[in-house]
Amino acid sequence: MGVRTWIEGWPVYRQIIGNDPLGRGPAAKSSRSAELVARTETADSMVRSVCPYCGVGCGQRVYVSDGKVSQIEGDPDSPISRGRLCPKGAASKNLVTSELRQQKVRYRRPYGTEWEDLDLDTAMDMIADRVIAARAETWEDVDNEGHPLRRTLGIASLGGATLDNEENYLIKKLFTAMGALQIENQARI
Amino acid sequence: MAEAHPVGFQWAMEAKARGAKIFHVDPRFTRTSALASAHVPIRAGTDIAFLGGIVNYILRNELDFREYVIAYTNAATIVSEDFRDTEELDGLFSGYDAEKTSYDQQSWQYQGQEEAGRRDTVTERETAAGLGYESHGPPISGQARRDETLQHPRCVYQILKRHYARYTPEMVERVCGIAREKFEEVARAWTENSGRDRTTMLVYSVGWTQHTVGVQYIRTGAIIQLLLGNVGRPGGGVLALRGHASIQGSTDIPTLFDLLPGYLPKPHHASHPTFDEWVDSIRRPGQKGFWGNARSYAVNLLKAYWGDAATPENDFCYGYLPRMTGDHGHYQTVFDMIDGKVKGYFLVGQNPAVGSAHGRAQRRGLANLDWLVVRDLFMIESATFWKDGPEVETGELAPDRCRTEVFFLPAASHVEKEGTFTQTQRLVQWREKAVEPPGDCRSELWFFYHLGRIIRQKLAASPSPRDQAVLDLTWDYPTSGPHDEPCAEAVLREINGYEVATGRPLSSFTEMTADGATAGGCWIYCGVFADGVNQAARRKPGREQSWVAPEWGWAWPANRRLLYNRASADPQGRPWSERKRYVWWDEESGEWTGHDVPDFEKTKPPSYRPPDGATGVAALAGDDPFIMQGDGKGWLFAPTGVLDGPLPTHYEPAESPVRNPLYDQQASPARKTYQRPDNPINPSPPGPHSQVFPYVFTTARLTEHHTAGGMSRTVRYLAELQPEMFVEVSPELAVQLGLTHLGWAHVVTARAVIEARVLVTDRLSPLRVEGRVIHQVWLPYHYGGTGLVRGESVNDLFGAVLDPHVLIQESKVGTCDIRPGRRPTGPALLDFLADYRRRAGITDGPYPPIVTTDGSTNREA
C-alpha cells in the first residue's frame, strides 16, 4: 500500500477534498462496503412473480442463486405496485425459505397420539382409496321423486383463494365429476 | 386500506397529494385514519344507517346527477302498486312470510311484471343464489314502464325518497354515534366531488361482507354511486379490496358449492331437472343482455369437462353434474361433520380452526371425520387440533379418543410453481416458476391431477354408471420435470377455450358456439390466451404505456379494466366532460373507442333502439350501459335477487346491545340461522338478558399478519413485528373495568372465552348511541396455537349467523363481556361458559326471535 493510497483511505481526507463535505456519502464509505454487491446483481436467474398475500397483486421479482431463492424484490415495472411491497410481501423470501416449512408427508392414524412418517406415493394411494370408498358409501343417485342427484355429501373440501386459477379449475373439475358438492373456499368467510 | 392493502393505498395517497379528500369510516382509528383527511368513528354494524343518511341527503337536496340517473338507472321505472315499504310495515317489506322467514317478491316487481317475482326465495337463500348474480343482474323483464319526470308516486326515485326520509343526520347520530357535523362533512364532500367533472370512489374491504346484511351494505354504497353518477367512470365505482392473492379467481373459477366456472349456477334437483330448464334459468328468455348467450357458455364448459363424450344428443353430459338440494355451504358442512355425516375432508391452503367463525364448531367437526387431508406450507392448527387444540386443554378431546385419520401433505409455495392469480381488479397475472419445490412439497395442480389420475386408474374397470362421469372426464394434461408436474399453461388454455376440430385458442367468448364445435372451461376468461399467446404473462412496464396500462396482464372480460365503461359517456356517446373522458362514440369511424376496451358492442351506435320483441344482446339500446342487467339499467331498487328487501334497510346485527332506533324489526328478518344447541347466540333487545354481554367487539387485520396467520405467524420478521394477541380498549372502558395497559383481559361470548394482552388506546372511543354510552373493543384475528408467535383465536368468539344471499357469517360484529385478568383453565372454563349461558337464558335455546314487529305500528322517529 503506497502512502498516497494510505492517505486517500482516510475518510476525513476524502471529506475535505471530495464532493462530500458533510461526510455522509462516498467519503465515509469503507472499502468493504464499496466492494459489496447486491444479491440481485449476482443472482443466476430472475423470474417474474406476484405476491402471495392480499388481493392487490403486487409484482415480485424472484432471484435465484445456486438453485435457491436468494432474494425477492418488488417489481418496478408493475403498474399496480410500482416496485413497492408491504411488510408481508417484503418478508416473503422468509415465507418460502423458512426452516419451519414442512417438507415431508406426516400421517396420524385414528386414535394415534403422534405423527408418523409416510411415503408420498403411499399417501396418494391411500387418499385415492378413501375417496373412492367414501363416495361409494354415501352416493345419492336420485331424490324421493326420482329427480337425478348423482352426488356425494360424504366428501368436502375447503380452500382455494391462496391457489392458482389453474389449480382451482382442476379441483372443481375433478370434484364435480365425482359428484362432490361441498367445495368451498375463503370467499365464503 | 393502509393496514391491509398498504401498497394499493399508495394510489389513495397520490390522489390526496393531488387534492383529493379521503374519509375513513371505521370503528377504530388505524394507520388509514392517520393518513386520511378525516376519521369518522362508527358503531360496528350500522353502515346502512350511515349510508342511508347520505342517500337521504342527496335526494332531499336534489344533488343527484339527474341526466345520468334518468338515462342509466331504474329511477324512472314504475313499481307494482302492491308494494309496501318498511315505513308502512315497521321494518318489513310487503310479502314477508314469518313462518319461512322469507319474502314473496311479487309485490316488489316492476308494474305489470308481478309474475316475475314468483320465486322460491327459501331455496335461493339455501343455495346462496345471490352469489350467482355477482357478475350479472338477477332476472327481470327487459321492458318496463317508466316516468322520466320522476314524479310518479310509485317510480323508484320516489320510493327511494320515502324509504330513506327518516335517515336524517339526527337519526345517523342516534344509530351510528356519528356527530351531525361530521356526517354532514362527509355528505357534502361526497356530493360536491361528484358529477360531470368529478367522480368519487367508494372503497371497502371484505369485512363489509361479514354481516347478516353484508350484501345490502354494498348495495347502499352502489345506490349512492349510481345517484351521483360514479359508476362506469374513471375515479368512480364501488371497489372491493379482497384479502387473498386469488380470492377473485377462486370465485370466478369457483371452489364454491353453488357455482360452476363463469358464474353459471350449480343445478338444483327440483328447479333444473333438464339441460334446457337449467340453461333457460340462466339465459332467461325475453331478457336483455349478454346472458342471452348462456347456452353457449354452458355447452362450452361441459364440452371442456367431458370432451368427446359430451354431444348434443346427450345434452353435453348435463346428467353428469351433481345437484344441490339446499344449503351445502361451509357452515352447514361443519355442522354435518359434527353430526357424523361427512366422511372425508380436504383443506387446501385454508385454516378454519383459526380463520372461520365459531372455531370450536370447526374443530369439533374436524375431530369427527373418518379422514382429513391437510395441504399447507406449514403445520397449521387445523392439522394439529387433535393434539393441541383448545378442546384438549378442557378435556373435551384427547388424542386417544379422536378418530380422525390425518394426512398432512406439504404444499409448494408461489415461487415453486407457475400459474395465474386473479387480483382484486379482475386482473389475471401469470407467475413464472423460480425453483423446484423441496422434499415432498407439491403444487395443488400436481396433487389434484395425480389424485384424479390414480382414482381413474382404480375405477377403470368399474361397471357402475356413477363412475362413468369420472372416466369420461378429459384428464390428459401434459406433464414434465422430476415430479411429473402437469402443465399449468395447458390448463389455462382449456380455461380460455378452443376450437374442438383444430385446437385453435379462442380470442373472445363471442366465438363460443352452442353446438359443441368449441370448448372452454370459463367463458369470462376467454381471451386470456387470445392469438395463442398467454396474455396474463404480459409485462410491458407501466411507465411505457397509458395510465390504464392495458398491456400488463389481462383482465376479464375481454381485457376491460373498468366495467360498464359505456357509462363514462353521456347517452349520445360523448364524454361527460373533458376531464373524465374515458370511452366514447367516434362518429366518423362508427365505433366506440377510448382509453380502455369499450364495455359495449363496438359498432352499436348510441342512437340504436331495439326493434319490438328483441331479446338478449339485440335488445340492449345504444344507451343501456349496464349490459349484463336484464333491463340494461343500474339498479337503485332491486325487484329480485336480494332476499331481505329491494332496498337496503338498517337492521341491528344479530347480536346487539341496542334496540333498533328505526323500526320495531330488530335484525334482518331474512337472515340465515342454524338453531342448534352448539350454536348459541347472545341475547339482544327486545328480549331480556342482553346486559350479560354489554360490549361490542369487532375484528380486523394488522399490516404485519395475514388472515389466520398460517403465512405470517410462521415468518420470522412478521412474527417479531406483531408478537402477541391483544385487545384494544378505550381509556374510558379500561377505567370502568379495571383493565391495565399490557395486563391481561379475557373476552367472553356464549361460545367461548379467550384471553389477550390489553392495549389501552384512544384509537377506540366510546360512542353515544340512543342516549347511552356504547363501548367497542377491537381484536386482530391472526392468532392461533401454532407458529412462531401464538395467541388465542378471536374467531372462537363468534357463532354462525349468515347473510341470506351469500351465506357469509356475521363475524365483524358481536357482543361480549370483558373481565380483567386471565381466563379460567381446564374444565373450569366449561363451567365458566355454562354460567354465562345460564345467566343469558340460553341453555339449549331459546334462540333470539327472527321477527320482532307485528308489522303494523309505525314508531315515530
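Two residues are in contact if their C-beta atoms, placed from the backbone, lie within 7 Å. Keep that cut-off in mind for the exercises below, which all concern a predicted model.

**Exercise 1. Describe how α3(B) packs against α10(B), and name the residues that meet.**

Solution. Start with the elements: helix α3 of chain B covers residues 47-60, and helix α10 of chain B covers residues 180-192. Their axes lie 10 Å apart, at an angle of about 60°. The angle makes α3(B) oblique to α10(B), because angles from 65 to 115 degrees would be needed to count as roughly perpendicular and those under 35 degrees count as roughly parallel. Next comes the handedness: the crossing of these two helices, α3(B) and α10(B), is right-handed. Now apply the contact cut-off. From α3(B) come Gly53(B), Ile54(B), Tyr57(B) and Ile58(B), and they meet Phe183(B), Ala187(B), Trp190(B) and Thr191(B) of α10(B). Sorted by class, the residues of this contact are six nonpolar and two polar, with no charged ones.

**Exercise 2. Work out which residues each chain brings to the contact between A and B, starting from the counts.**

Solution. Chain B supplies 129 residues and chain A supplies 100 residues. On the side of chain B that touches chain A, helix α20 (residues 444-459) of chain B gives the largest share, with 11 residues. By class, this side of chain B holds 68 nonpolar, 43 polar and 18 charged residues.

**Exercise 3. Follow α20(B) to helix α7 of chain A and characterise their crossing.**

Solution. Helix α7 of chain A spans residues 120-138, and its axis comes within 9 Å of that of α20(B), crossing at roughly 60°. The two helices, α7(A) and α20(B), are therefore oblique to each other. Their crossing is right-handed. On the α7(A) side the contact includes Met124(A), Ala128(A) and Ile132(A), and on the α20(B) side it includes His450(B), Ile454(B) and Lys458(B). The residues of the contact of α7(A) with α20(B) comprise nine nonpolar, one polar and two charged.

**Exercise 4. Trace the strand pairing, first between the chains and then within chain B.**

Solution. Between the chains, strand β4 (residues 106-108) of chain A and strand β11 (residues 405-410) of chain B run antiparallel and are joined by three bridges. Tyr107(A) has Phe407(B) in β11(B) as its bridge partner. Within chain B, an open sheet of three strands has the order β12-β13-β18, with antiparallel pairing. Its edge strands are β12 (419-422) and β18 (554-555), each pairing on one side only. Four bridges join β12(B) to β13(B), residues 427-431. Finally, Phe421(B) stands opposite Gln429(B) in β13(B).

Technical notes:
Residues numbered from 1 in each chain as written. Chains lettered and ligands numbered in written order. Predicted model: local features only at pLDDT ≥ 70, side-chain atom pairs only at ≥ 80, totals over all residues. Axes fitted to C-alpha atoms, helices over the stretch in contact; angles between N-to-C directions. Parallel < 35°, antiparallel > 145°, perpendicular 65-115°, else oblique. Left-handed = near helix turned anticlockwise from the far one by under 90°. Nonpolar A, V, L, I, M, F, W, Y, C, P; charged D, E, K, R; others polar. Pairing = 2+ DSSP bridges.
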